[in-house]
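Subject: Structure for you, with notes

Hello,

Here is the structure you were expecting. My notes on it follow below.

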Amino acid sequence: MTVPSVNWNYPTAIKAGPGRVKELPDWCRELGMQRPLLVTDPGLAALPMVGDTVRACRQSGLECGLFHEVKGNPTGRNVEDGVAAYQQGRHDGVIAFGGGSALDAAKAIALMVGQKRPLWDFEDIGDNYQRVNVAGMAPVVAVPTTAGTGSEVGRASVITDEAAEVKRIIFHARMLPAIVILDPELTVGLPPKITAATGMDALSHNLEAYCSPFFHPMAAGIAIEAMRMIKEYLPQAVADGADLQARQQMLVASCMGATAFQRGLGAMHALAHPLGALYDAHHGMLNAILMPYVLKANQHAVAPRLEALARYLDLPATGPGAVLDWVLRLRETVGIPHTLAEIGIDEGQAERVGRMASEDPSGGTNPIIFTADDYSQLLRASIRGNL
């Protein structure tokens with residue numbers, strides 16, 4: 001099957017199709033860039049795709065720079081260093097290139113290049129976003145290389161405050177990249193384990209958005225269709241990384257997830273954020289492991305919604321437990337561990353994680369408002385494998 005090359009404008013300008021990264025220099029110029037800074041992570045920077053992209057930009061006449069000091073869970077220091085690189089190179093725009101970590105860091109760098117306040121002054125609390133000097137923000141073209149976070153269509157960045165050992169959400173509506181390139185060829189080399197973890201992250205965004213009690217029918221519709229796409233294409237993408245159709249569909253489903261979670265997230269992310277900050281664990285893998293435990297805890301509160309989802313996904317059964325059973329089967333198919341213990345997380349900080357999760361803004365749109373003790377119990381269950 002031929003993978004189509006298409007454009008659409010929701011929630012921003014999307015350019016989707018194999019080989020479309022070659023258009024990057026044109027889209028940079030469309031936004032007025034002559035000296036873009038490409039922001040990525042060290043692992044990608046060592047691969048040919050980054051060198052080829054920087055070279056293509058330079059050959060087209062753009063004075064493209066490269067910054068790759070971004071951790072798997074990006075930190076405030078990473079953002080500060082990126083801003084220094086931007087200013088030292090007299091850059092005029094940002095190319096966000098990579099997985100969710102690189103995209104989040106790049107968007108935060110683009111925000112901060114024209115600000116006089118420190119980064120944490122723009123945490124997504126109350127009306128802090130009004131402190132932003134919008135005129136000082138740099139334009140962004142986003143090029144995801146994983147299908148998971150959907151950060152390319154997000155209006156926020158999740159950045160670790162290392163001093164406080166907490167993840168903070170930095171928000172402004174103008175952080176949404178102006179142009180996004182979804183090129184499945186860039187994801188072909190992604191190992192099966194990372195393909196699985198990032199794909200399950202996309203599922204977590206859509207599933208939590210779908211289960212949110214917040215009224216947003218358009219986001220709910222996007223979420224339910226994205227979950228159908230993930231059901232069909234994630235196992236294919238894991239089994240055959242060269243399947244461009246599966247890779248393209250997963251990029252779109254990931255993009256849809258970040259659009260859908262305007263409706264809110266939930267307890268998976270409320271737990272994943274502190275665990276990522278304290279253990280420096282992969283965000284997508286955390287959500288993938290936590291998913292069935294949180295789903296079971298929420299199940300009675302969203303039973304009718306889960307029954308409707310089971311029918312839409314054409315699952316063998318349609319009771320409220322059908323979605324949980326599907327999630328468990330999908331995790332097994334794509335090789336996700338069953339417990340957090342399998343990735344090195346123990347119960348030593350269960351009470352602290354519980355307190356941090358109860359304060360995380362993601363929990364505000366969970367179907368049930370859990371207490372710190374509830375979160376600690378959920379964490380212990382996911383470590384021990386008690387469903």
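The second largest pocket has a lining of 13 residues, and V166, K167, E359, D360 and P361 are the ones nearest its centre. Please keep in mind that this is a predicted model.

More on that pocket. Its volume is about 270 Å³. Three elements supply two or more residues each to the lining: β8 (166-171), α9 (267-279) and α13 (350-359). Of these, β8 contributes the most, with four residues. By type, the lining of the second largest pocket splits into six nonpolar, six charged and one polar residue. Where does the second largest pocket lie with respect to domain 1 and domain 2? Residues of domain 1 (13-186) and of domain 2 (192-384) both take part in the lining, so the pocket lies between them.

The domains themselves. The domain assignment gives domain 1 as 13-186 and domain 2 as 192-384. Their C-alpha centres are 25 Å apart. Across the boundary, 26 residues of domain 1 are in contact with 27 residues of domain 2.

Helix α13, which helps to line the pocket, has these buried residues: A350, V353, G354, M356 and A357. The buried residues of α13 pack against β8, α9 and α14 (372-384). Two of those partners, β8 and α9, also give residues to the pocket lining. As background, an α-helix has 3.6 residues a turn, so residues three or four places apart point the same way.

Next, the nonpolar cores. In soluble globular proteins, nonpolar side chains tend to be buried together. The largest nonpolar core here holds 107 residues, and the members that touch the most others are M200, V323 and L340. Helix α7 (residues 217-239) is the main contributor to this core, giving eleven residues. Both domain 1 (13-186) and domain 2 (192-384) supply residues to this core, so it lies between them. Not counting residues up to four places away in sequence, M200 touches L234, A288, M291, L330, R331, V334 and I336. Another core lies apart from the largest one; it has 20 residues, including C57, I95, F97 and I181.

Two loop positions are also worth listing.

- R155 sits in the loop between β6 (140-144) and β7 (156-161). Buried, partly exposed or exposed: which is R155? R155 counts as partly exposed because its relative accessibility is 34%, and the range for that class runs from 20% to 50%. Beyond its neighbours within four places in sequence, R155 is in contact with K107, I170, F171, H172, A173, M175, L176 and Q262. R155 and V70 are 85 residues apart along the chain, with 19 Å between their C-alpha atoms.

- A317 is in the loop between α11 (303-312) and α12 (321-334). With a relative accessible area of 42%, A317 is partly exposed. Which residues is A317 in contact with, leaving aside neighbours within four places in sequence? They are A310 and A322. From A317 to G61 the C-alpha to C-alpha distance is 58 Å, and the two are 256 residues apart in sequence.

In short, the second largest pocket and the largest nonpolar core both draw residues from domain 1 and domain 2.

Regards

Terms used: Residues are numbered from 1 along each chain as its sequence is written. This is a predicted model: local features need pLDDT of at least 70, side-chain atom pairs count only at pLDDT 80 or more; totals for chains, interfaces and linings use all residues. Side-chain values use heavy atoms; hydrogens and water are left out. Buried means under 20% relative accessible area, exposed over 50%, partly exposed in between (1.4 Å probe, protein chains only). Contact means heavy atoms within 4.5 Å. On a 1 Å grid over the protein atoms alone, a cavity is a set of points where a 1.4 Å probe fits but cannot get out, and a pocket is an open set with protein on both sides within 12 Å along at least five of seven lines; lining residues have an atom within 4 Å of a point. Grid points are joined across faces, edges and corners, and a volume is the space filled by probe spheres set on the points. Ala, Val, Leu, Ile, Met, Phe, Trp, Tyr, Cys and Pro count as nonpolar, Asp, Glu, Lys and Arg as charged, and the others, Gly among them, as polar. Domain bounds come from an automatic or database domain assignment. A nonpolar core is a set of buried Ala, Val, Leu, Ile, Met, Phe, Trp, Tyr and Cys residues joined through side-chain atoms within 4.5 Å.
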